[in-house]
Amino acid sequence: MLTRLLLILAACIVFCGPSRAQPFDYEVRPVQYKNLAARLYLPKTSGKLPVVIGFGGSDPSWGFADANGAMMAARGIALIGLVYFK
């Protein structure tokens, strides 16, 4: 039983290892609507995408949006990063 479990675990490690997918190209679009200031990080693809709304905690600057937007968009996830103030 233990041998079988170890073989299954070894197969998972070998065949389900880290992804070799290429990162997505993406664009950043500013969004202005009334008092809303945001940036949309949009991966360049023709398919449907998951979307995340991101906003920082006590830091209302673009730092959160820039760091997380770039990271997520490069992996195929659209993000709209909001700031509290214009």
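How much area does the protein chain expose, and what share of it do carbon and sulfur atoms supply? The protein chain exposes about 6600 Å², and carbon and sulfur atoms supply 65% of that area. Please keep in mind throughout this tour that the structure on your screen is a predicted model.

**The whole chain**

Begin with the entire chain selected and shown as a cartoon, where you can find two helices and four strands. If you follow the chain along its sequence, these elements come in the pattern α-β-β-β-α-β. Of the 86 residues in the chain, 19% count as buried. Among the contacts between residues at least 6 apart in sequence, 62% join residues that are at least 24 apart.

**Helix H1 and its leucines**

Next, select residues 2–15, which make up helix H1, and look for leucine 2 within this helix. Is leucine 2 buried or exposed? Its relative accessibility is 60%, and because exposed means over 50%, leucine 2 counts as exposed. Now add Leu5, Leu6 and Leu9 to the selection, since together with Leu2 they make a nonpolar surface patch of about 430 Å².

**The sheet**

Turn now to the four strands, which form an open sheet in the order S1-S2-S4-S3, with mixed pairing. Strand S1 (26–33) and strand S3 (51–55) stand at the edges of this sheet, and each has a single partner strand, so one side of each is left without a neighbour in the sheet. Neighbouring strands are turned by 20 degrees against each other on average, if direction is ignored. As background for the next stops, strands of a sheet pair through backbone hydrogen bonds, and they do so either parallel or antiparallel.

Select S1 together with S2 to see two strands that run antiparallel and are joined by eight bridges. These two strands form a hairpin with two residues between them, and lysine 34, which lies in the turn, has a positive phi of about 50 degrees. Tyrosine 33 stands opposite leucine 36 in S2, and proline 30 has arginine 39 as its bridge partner in S2.

Move on to S2 with S4, a pair that is antiparallel and has five bridges. Here you can select alanine 37 and look across to valine 83, its bridge partner in S4. Then show S3 with S4, which also has five bridges but pairs in the parallel sense. In this pair, select isoleucine 53, whose bridge partner in S4 is isoleucine 80.

**Leucine 82 and its surroundings**

Stay in strand S4 and select leucine 82, which has its place there. With a relative accessibility of 22%, leucine 82 counts as partly exposed. Which residues is leucine 82 in contact with, leaving aside its neighbours within four places in sequence? They are Leu36, Ala37, Ala38, Ile53, Gly54 and Phe55. You can also draw a distance from the C-alpha atom of leucine 82 to that of phenylalanine 64, and the separation is 8.8 Å for these two residues, which are 18 residues apart along the chain.

**Helix H2 across the strands**

Now select helix H2 together with the strands, and rotate the view until you can see that H2 lies across S1, S2, S3 and strand S4 (78–83). The direction of H2 is at about 20 degrees to that of S2.

**Two salt bridges**

For the last stop, show the side chains of the charged residues. How many salt bridges does a search of the whole structure find? The search finds two.

Select arginine 39 and aspartate 66, whose side chains meet in a salt bridge with an N to O distance of 2.7 Å. This pair links distant parts of the chain, with arginine 39 in strand S2 (residues 36–43) and aspartate 66 in helix H2 (residues 63–73), 27 residues apart. Arginine 39 is partly exposed, with a relative accessible area of 23%, and aspartate 66 is likewise partly exposed, with 35%.

Finish with arginine 29 and glutamate 27, whose side chains also meet in a salt bridge, here with an N to O distance of 3.3 Å. Arginine 29 counts as partly exposed at 39% relative accessibility, and glutamate 27 is partly exposed with a relative accessible area of 29%.

Methods: Residues are numbered from 1 along each chain as its sequence is written. This is a predicted model: local features need pLDDT of at least 70, side-chain atom pairs count only at pLDDT 80 or more; totals for chains, interfaces and linings use all residues. Side-chain values use heavy atoms; hydrogens and water are left out. Patches are made of residues with over 30% relative accessible area and no salt bridge: like charges are joined within 9 Å, nonpolar side chains (Val, Leu, Ile, Met, Phe, Trp, Tyr) within 5 Å. Accessible areas come from the Shrake-Rupley method with a 1.4 Å probe; for residues, only the protein chains shown count as cover. A salt bridge is a side-chain nitrogen of Lys or Arg within 4 Å of a carboxyl oxygen of Asp or Glu. Buried means under 20% relative accessible area, exposed over 50%, partly exposed in between (1.4 Å probe, protein chains only). Two strands pair if DSSP finds at least two bridges between them. Axes are lines fitted to C-alpha atoms, for helices over the stretch in contact, and angles run from 0 to 180 degrees between N-to-C directions. Contact means heavy atoms within 4.5 Å.
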